[in-house]
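Good morning, colleagues. I should like to use these few minutes to discuss helix packing in one model.

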Amino acid sequence: MPEREQQTAAAAGISPPEEVDVAALFARLREEVRHAPGLDVSNGFNRGIVRTRLRSVAERFWPVTAERPLERRPGPRGTLLLPVKKVLRKLMRWYVEPFAADQRAFNDSALKLVDQLFEEVDALFGHLGRVEGELAGRREDARRLGELEERLTRVERRRVDGAAPVAVTVAAQPAATAVPDYFAFESRMRGRTEDIRERQRAYVDDFREAAPVLDLGCGRGEFLGLLREAGVEARGVDADADMVAFARGEELDVEQADALAALEALDDGSLGGIFLAQVVEHMPPPQLVRLLELAHAKLRPGGVLVAETINPLSPIALRNYFADLTHAQPLVAETLALLAEQAGFGAVETRYLNEPPADERLREVELPPEAEFDAAREALAQNVRRLNDQLFGPLDYAIVARR
């Protein structure tokens with residue numbers, strides 16, 4: 001539109017098409033997305049919020065018309081010009097309205113394009129969800145294959161030379177024989193050796209200067225392998241014959257024995273470190289108290305005891321606890337730490353470990369940024385954090401007790 005006609009239209013109070021700048025519109029839309037903190041568009045609910053917000057902004061710019069309400073400027077001049085504007089608007093409507101109609105058609109197409117793009121994004125995330133499902137299935141197949149390989153290795157390492165049969169378990173606790181094939185049970189419920197090694201790697205630094213180390217209930221020998229790599233002298237004890245055979249196949253120093261009997265046979269002060277991973281929850285209270293007393297006696301001054309167990313304050317961890325029929329009772333951290341102190345340990349530290357993956361926790365939902373939502377936004381965020389702390393806390397904890 002020529003400059004003179006623009007001035008005339010402006011004087012008439014007509015909104016010309018150039019006032020709706022498409023580039024500015026999309027820049028505004030981008031700003032709306034950019035100022036939505038923590039809004040995860042991979043989540044369908046949040047993506048709907050983004051879509052609604054973008055449309056609300058775009059729709060405010062959509063209606064381009066020559067019928068914009070006239071504004072009267074203050075003063076006598078504004079009063080005199082108001083009737084002139086009304087007349088000029090009627091005279092210019094025939095010229096401006098086609099441009100406004102074209103702009104409205106363009107804006108309508110732009111909105112439809114935005115809707116189509118979001119539909120394609122929804123379809124893309126749906127496809128990604130199916131792909132993630134297939135990958136999860138592949139990972140589960142790989143896990144089961146690894147489990148079968150470990151069980152096959154266990155069978156190959158059993159005694160087949162006609163030697164005297166070895167007792168399946170020599171554990172003293174009454175429920176030790178509740179599961180006919182505890183090796184297979186452990187492989188399924190606790191995980192593969194590679195996973196256990198990675199979870200236990202954090203304890204290696206506690207024992208670098210603590211040789212010799214005794215791993216009570218060493219299982220398949222994951223932690224013994226880590227100590228061997230670190231150059232720390234260590235040996236293991238386990239009550240299950242298959243666990244011992246598997247660990248010996250890894251050329252680890254492991255014997256089949258009950259934990260209490262193994263400790264009682266040692267000289268006082270002969271150990272620098274004792275490691276108990278997922279063992280104490282298997283022991284009834286009298287045996288647990290005796291175990292901690294023996295551990296204190298067999299460690300030299302400065303020796304370290306690390307006892308890891310399930311965190312009963314985590315509902316997810318409790319599922320794993322009740323899945324194992326050989327468990328005696330869950331132990332909250334305060335109870336185990338107190339028992340260690342009563343056994344004679346001076347300094348007892350509690351560490352919480354193995355938090356659930358972030359994608360399993362509750363997600364915060366963003367509310368619109370307007371001030372009237374501030375109180376609701378803060379209350380919702382606090383409730384989500386509180387629920388995450390209660391429902392998705394660390395799966396395990398360990399006490400680190402020093403003599």
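I shall take two helix pairs in turn, describing the geometry and then the contacts.

Please bear in mind that this is a predicted model.

Let me begin with helix α6, residues 193-200, and helix α7, residues 222-229. Their axes lie 9 Å apart, and the two helices pack at an angle of about 60°. Because angles from 65 to 115 degrees are counted as roughly perpendicular and those under 35 degrees as roughly parallel, this angle makes α6 oblique to α7. As for handedness, α6 passes α7 in a right-handed crossing.

Which residues of α6 and α7 meet? On the α6 side they are T193, I196, R197 and Q200; on the α7 side they are E222, F223, G225, L226 and E229. By character, the residues of this contact between α6 and α7 divide into three nonpolar, three polar and three charged.

I turn now to the second pair, helix α10, residues 285-298, and helix α12, residues 333-342. Here the axes come within 9 Å and cross at roughly 50°. That angle makes α10 oblique to α12, and the crossing of α10 and α12 is right-handed.

What does α10 contribute to the contact with α12? L288, V289 and L292 of α10 meet L336, L339 and A340 of α12. The residues of this contact comprise six nonpolar, no polar and no charged.

To close, let me set the two contacts side by side. For α6 with α7, the division is three nonpolar, three polar and three charged; for α10 with α12, the count is six nonpolar, with no polar and no charged residues. Thank you.

Key:
Residues numbered from 1 in each chain as written. Predicted model: local features only at pLDDT ≥ 70, side-chain atom pairs only at ≥ 80, totals over all residues. Heavy atoms only, no water. Axes fitted to C-alpha atoms, helices over the stretch in contact; angles between N-to-C directions. Helix = DSSP H or I, 4+ residues; strand = E, 2+ residues; numbered from the N terminus. Parallel < 35°, antiparallel > 145°, perpendicular 65-115°, else oblique. Left-handed = near helix turned anticlockwise from the far one by under 90°. Contact = heavy atoms within 4.5 Å. Nonpolar A, V, L, I, M, F, W, Y, C, P; charged D, E, K, R; others polar.
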